[in-house]
Amino acid sequence: MAVAFAALAWPAAALTQYDCVVSEFRSSGADPVFDRRNKQKTFEILRKEDEFVVFSKSEVFDDSERRYAIHRKGTLDVVALSQNAVSHYTLVMPADPNGDVKREGYFEASITTQSNFYVNAWFLRCIN
């Protein structure tokens, strides 16, 4: 919970918050326990004008926070990227998530983590 309070330092008007559950998880490994545990994660996505902050929450894995810089804003989607010394991270979501929420009740997004020895992908259903 302490991680979420750090985001409150930004002006409230500059943030949009989305709450997400995992609809599907795929990994390059073959560990059904790892896959099942990742399907139980939840994500909170905070959108700021030039970046996203993603909080991952889990009962099994350590909670985490990652900042994604917006790489491309297209007509249909927004692509945001992050990296560290080991992995590259990609977040893709609709350019107008509120339109999907009005039509479907949720919008879909994806987060991938990629390195030279693994790929993990979370397919999300999100609401605001």
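Here are legends for several close-up views of a predicted model.

**View 1. The whole chain, as a starting point.**
Let's get our bearings before zooming in. The chain has 3 helices and 8 strands. Follow the sequence and you'll meet them in the pattern α-β-α-β-β-β-β-β-α-β-β. Of the 128 residues, 35% count as buried. As for the outside, the chain exposes about 7800 Å², and carbon and sulfur atoms supply 52% of that. Now take the contacts between residues at least 6 apart in sequence: 41% of them join residues at least 24 apart.

**View 2. Strand E3 and its two partners.**
Here we look at E3, which covers residues 51-57. Why is E3 described as largely enclosed by the rest of the structure? It's because 6 of its 7 residues are buried, which here means under 20% relative accessible area. On one side of the pairing story is E2 (42-47), which runs antiparallel to E3 and is joined to it by 6 bridges. To spot this pair, find threonine 42, which stands opposite lysine 57 in E3. A hairpin links E2 to E3 through 3 residues. The other partner is E4 (64-73). E3 and E4 also run antiparallel, with 6 bridges between them. Look for valine 53 here, standing opposite arginine 67 in E4. The hairpin from E3 to E4 goes through 6 residues.

**View 3. Helix H3 and what it packs against.**
H3 spans residues 97-104, and its buried residues are Pro97, Gly99 and Val101. Which strands do these buried residues pack against? They are E1 (16-27), E2, E6 (88-94), E7 and E8. Just after the helix, have a look at glycine 105: its phi is positive, at about 90°.

**View 4. The largest pocket.**
Last stop: the largest pocket, with a volume of about 290 Å³. Its lining is made up of 16 residues, and Lys41, Ser64, Tyr89, Thr113 and Trp122 lie nearest the centre. Sorted by class, the lining has 7 nonpolar, 5 polar and 4 charged residues. Strands E3, E4, E7 (107-114) and E8 (119-127) each supply at least two lining residues. Which strand gives the largest share? That's E4, with 4 residues. You've met E4 already: it is the strand that a hairpin joins to E3 in View 2.

Note on methods
Residues numbered from 1 in each chain as written. Predicted model: local features only at pLDDT ≥ 70, side-chain atom pairs only at ≥ 80, totals over all residues. Heavy atoms only, no water. 1 Å grid on protein atoms, 1.4 Å probe; cavity = no way out; pocket = protein on both sides within 12 Å on 5 of 7 lines; lining within 4 Å. Points joined across faces, edges and corners; volume = space filled by probe spheres on them. Nonpolar A, V, L, I, M, F, W, Y, C, P; charged D, E, K, R; others polar. Buried < 20%, exposed > 50% of the residue type's maximum accessible area, 1.4 Å probe, protein only. Contact = heavy atoms within 4.5 Å. Areas by Shrake-Rupley, 256 points an atom, 1.4 Å probe, with all protein chains shown as cover. Pairing = 2+ DSSP bridges.
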